[in-house]
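Q: I'd like to learn how to read a helix and its surroundings in a model. Could you walk me through one?

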Amino acid sequence: MKNDVLKRITDVGVVAVVRATTAEEAFQIAEACIKGGLPAIELTFTVPNADQVIKKLAQTIDPKDLILGAGTVLDAKTTQIAIDAGAKYIVSPGFDLESAQLCQKLGVPYMPGCLTITEMLTAQKAGAEVVKLFPGSAFGPGYVKAVKGPLPNINIMPTGGVSLDNVEQWIKNGVVAVGVGGELTAPAKTGDFEGVTANARAFVEAVKRARS
């Protein structure tokens, strides 16, 4: 299951980072992304009642159309809550050993936020197959190329600082996928979920173009 989830994420190459002020808005953003051909949803625990939103998505959307993950997961307790609700992968802004160990035990991919080579190696040793470069805006796409010099086999997914203008550069520099939040979901702030769908489509297309 773990490899299948990772393959599906890297195949699409984009993870939608869903933050919202209400559970309902979060659900609508996720639906809008899926409609735009972007099935990888990282529902963050900054969303009110995040576990309930994860549960609702898991129960109402066909698993073929959804790769459901939980984000901003800071500890093992929240990791367990997210997995129980239906999350198939766990993403964090930092590295937490207990969360990593729990994910290893349950066969669930864990993607911790790392910035330095030391953090990335620590995460890898704890079983993280993909590290989330966070915040990606701190260094930009050139940093990935530098990291992959000494660590050619590391799988990196930047989040923060990814836009339609630079997504091609990130992909060409060797990331396996990109995490996109505000740049993708901003139209939802004014209730424009069709705008979110259009953005989702644009990001998926941009990754395809960069890879071809």
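Q: Which residue follows α5, and what is the sign of its phi?
A: Gly107 follows α5, and its phi is positive, near 70°. Helices here are DSSP runs of H or I with at least four residues, numbered from the N terminus. This is a predicted model, where local features need pLDDT of at least 70, side-chain atom pairs count only at pLDDT 80 or more, and totals for chains, interfaces and linings use all residues. Residues are numbered from 1 along each chain as its sequence is written, and side-chain values use heavy atoms, leaving out hydrogens and water.

Q: Which residues of α5 are buried?
A: Buried means under 20% relative accessible area, exposed over 50%, and partly exposed in between, with a 1.4 Å probe and protein chains only. In α5 (residues 97-106), the buried ones are Ser99, Ala100, Leu102 and Cys103.

Q: Why do they sit on the same side of α5?
A: An α-helix has 3.6 residues a turn, so residues three or four places apart point the same way. Here the buried residues cover an arc of only 165° around the axis, which puts them on the same side of α5; the arc is that of the directions from the helix axis to the C-beta atoms. On the other side, Glu98 and Lys105 are exposed.

Q: What do the buried residues of α5 pack against?
A: Look for contacts, meaning heavy atoms within 4.5 Å. The buried residues of α5 pack against α4 (76-85), β4 (89-92) and β5 (110-114); strands are DSSP runs of E with at least two residues.

Q: How much of the protein chain is buried?
A: Buried residues make up 55% of its 212 residues.
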